[in-house]
Amino acid sequence: MKASTLNTSRRTFLKSGMVLAAGLPAIRVYPFSDSSEAANQPADSDSLFTLFQQPPNSAKPFVRWWWNGDKLSAKEILRELDVLKEGGIGGVEINPIAFPGGDDLAIPSMQWLSPEWIEMIKVALKGAAERGIICDIIVGSGWPFGAEFLQGDERSQLLTLTSRKIKGPANIEIEVAELLKEAAPHVNAYEGATSELHSLCLAPVTMEAFTQPAWLPFDRAQNKVTISAPAGEHVLYALVKFTGFQAVINGAPGAAGPVLNHYNKEATLKFLNRMSDKLFPELNGLKSFRAMFCDSMELEGANWCPDYLEEFKRRRGYDIQPYLPFILFKVGGMGQAIQGAEITLLSGKAKEEVSRARYDFFITCMEIIRDRFLITYTQWCNQHGFKSRMQPYGNEFHPLEASLNIDIPECETWIWRQTKDGHNILDFVNLPSYTNVNKFVASAAHFSGKKIVSCEELTNTDVAFNVTLEQIKIVGDQSNLSGVNHSILHGFSYSPPAVPFPGWVRYGTFINERNTWWAFFKQWAAYKTRVSVLLQETEAFADIAVMHPLADMWTIHGPQRDPFPGLHYPPYQYKVWEGIHKNGNSCDYTCESIIQKSTVENGYLKYNTRKYHTLILLEVETLEPATAKALSNFVAKGGKLIFAGKEPYKSPGLRNHQKNDKQVATTIAALKKANPSRVFTVEAPENSKDGVIAWFAKVQQQCGIKPYMKIDRPNAAVSQIRHRANGKDIFFINNSSQNERIVLRASFPESKGTPCLWNAETGERFRYPAVAGDTLTIDLPPAASQLIVFDTKGTVADMPALPAEKTGVELKGWTLRMEHINGTTQLRNISTLFDLADDETSHSFAGYLYYEKQLGGDASQHQWLDLGKVIGVSEVALDGEKLGNRWYGRHLYRLPANAAGKILQIKITTTLGNYLKSNPGNKVGHGWTRGQGWTSVGLLGPVKLV
């Protein structure tokens, strides 16, 4: 259905009935742009509510706009900007990227930074400005960025190793090429990479007290090395340096090649200045340009630069060289260690000493990256009048502190598929879409006073054609729960209309005008925009700070590749914040540097505008002495400190560790003894969602933590966040289940004023009825969310009530017309509703389903039509008179009084995936779907008159 037809249908609907916002009372739904009735609500001087009603374009969702292969034309750029504007998009991230394959229409690719490519950037920026669309531009292309013009040490470097057991006495000859091959990292390799043997050494097979390895001389000019092994068994370590070892992933023409060495400030500036020198002078006067963007920092374990050894000694005060054979490892995908190598078995003091040196090695890597790349990048952006936007996490980055150095820090929210009984399953309760970095990034933004928490949202490398608008809503809502307030949708592919369906598809959820549900996408966008503006213009609240055992993890295992860590330490670590929020409190993550710089006032740990009455340490055993001292000050002045599972007793790093260990242990013992009523050691939670929820409920009771939202029955599917502004208390509450209706009762003992429901779909607000005192009954159908705002000013109308829950009369016996997107139509008479994916004759369907039947005379006795379970977008009409549409949640429609005897038509718009899965002739679509199960489709019901 075209957008114009949809708008006409919705206007017709307004004359005849009402459609329910899922999870909300019977609120009239108006067109988003031309609602005279909504505009005629009482005038209000409340600037926040005015913004909520009419949000700025900056609050709208943005898209990652993949310029596929840079096969560009000015006409197509402007056409796509029109499509995006019509879809409710407020900004684009211009992202040149490698061509994804398919029919390229013989369109040539432009070279990155060429005059013709820069002209297309100008067309895009000018066209965006004319349409009120904001633009970001990616640095380089693909990820991590790099290019062929980088030379030598300017290219990413890795010091790695290979090892083997040898037995002496013997003279052993080994080809250097063999060692280089064995040590080669298993990564996205650059063909022009170079490698060299860095050093050779022998070490014992076992080691209890640390002894330096025996370094072996060798002639770098020779193709072979000869090892003179003394008697006994030894481990031979060959340390190998690779330069330019990693290729840019999906780099566009002119911006492919070796990845930049992020440890090299001069190389960083060389790359950035090449872009600014060529591009920025051409952009003078173009006002839609907001930020430069740096995508995923998948550096594949890069850990070296020419002066690393000197930098390490300057920062840590000792020589790391003797420890390198025992710290380094053979590198696999995402920089993770390849297991199974022949290495020295460390124990006792040797194991501890090497572990401490490991910690020092990796934090030195993080510091160099911070100083030479992160800070340099933001300074370069600001120097040219733009903001820096970046995803600052990975093996080489502190997961919280790195975001402090970025103007618009960004995280990621993904869509994950499971398969059960041959069907695709998206389970957002047990496999939520937010990643482990979201809370770190959001917390860093809170600490540094940043208004925007950005997110690469709807990231989807699997079920691109199977996702419904309801699922898009749940993913976006979960982003907001994790601290996000600015969505960069993943993504919109540059694809001319002449390209055969489905077009050029790079990645991501198929956000495209050729998607069946595109006509309804603007409704989700309007909802998302209002939620975003409310969260952007208010302050996120947290009363608890949570500190992860990062020093312990880095000491024992090394850093992990966020947002997909190889291990969780402890296993439940990223579920704790969920348990806190689902029990009616909120938290930020914190870290040692933040704690050390905090002050304490009236029992609160304060950092800038953030303050916490409780600090939870998750199995933390290692602390810097300064952190232990800060904890002591916190509890001495009234704060609550909770040790989960373990207590701190030692310090990180090698230098002066014995003295520092004693300080930590003494300080922790003293603060426990002096403050027994404010320091608690509690059991660690079970590694499950329900286990963590029950655990924190117990912690609340044991430690006297009062929730600001008292929930009668916490549920794994329901979570909340709290924001505040100008006397308002704002709660965003979400049900992430697609199948379960959840009704809970909650009171808000800290909130003052009248509770109101702010409807993010329509921009209206109504007074929320209290059941008893300040207790509210919150009814959350599947996928529903509510914005409850407590305000001490103004008056609003009462909230209309939902229909009482009744059994209802089920409707059976339908005529089903199936209009396939391939142009075919099929008619069926069905007695009961069914999932089209379960029927071999219909499981390949994609398009529009029309279920029809004549209503009996008893229809006039009912006020509501409840469609039951719907997978897709529903539209309802009686004798052709539109009753509106529902795109998520409870598909509930208000019936007119004269419904009896009329023809009821229920139209369901499906997803595309099943058709593409069954169509091997469509190479692009089938390539995305062939390995998947079938996706449930259609009207499953039961359909009832209520």
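**Notebook: one sheet, one helix pair**

I looked up the sheet in this predicted model and found 4 strands in the order S4-S8-S5-S7, open, with antiparallel pairing. Strand S4 (157–175) and strand S7 (214–216) are the edges; each has a single partner strand, so one side of each lacks a neighbour in the sheet. From one strand to the next the twist averages 30 degrees. Strands pair here if DSSP finds at least two bridges between them; helices (H or I, at least four residues) and strands (E, at least two) are DSSP runs, numbered from the N terminus.

I checked S4 against strand S8 (residues 224–243): 18 bridges join these antiparallel strands. Lys165 stands opposite Val235 in S8.

I then noted that helix H6 (residues 176–183) packs on the sheet and touches S4, strand S5 (194–204) and S8. Contact means heavy atoms within 4.5 Å. The direction of H6 makes about 135 degrees with that of S4. Axes are lines fitted to C-alpha atoms, for helices over the stretch in contact, and angles run from 0 to 180 degrees between N-to-C directions.

Next I took helix H7 (residues 265–279) and helix H10 (residues 348–383), whose axes come within 9 Å and cross at roughly 25 degrees. That makes H7 roughly parallel to H10 (angles under 35 degrees count as such). I listed the contact: residues of H7 including Lys265, Leu269 and Leu272 meet residues of H10, among them Arg372, Phe373 and Trp380.

Residues are numbered from 1 along each chain as its sequence is written. Local features need pLDDT of at least 70, side-chain atom pairs count only at pLDDT 80 or more, totals for chains, interfaces and linings use all residues, and side-chain values use heavy atoms, leaving out hydrogens and water.

Notes: Parallel < 35°, antiparallel > 145°, perpendicular 65-115°, else oblique.
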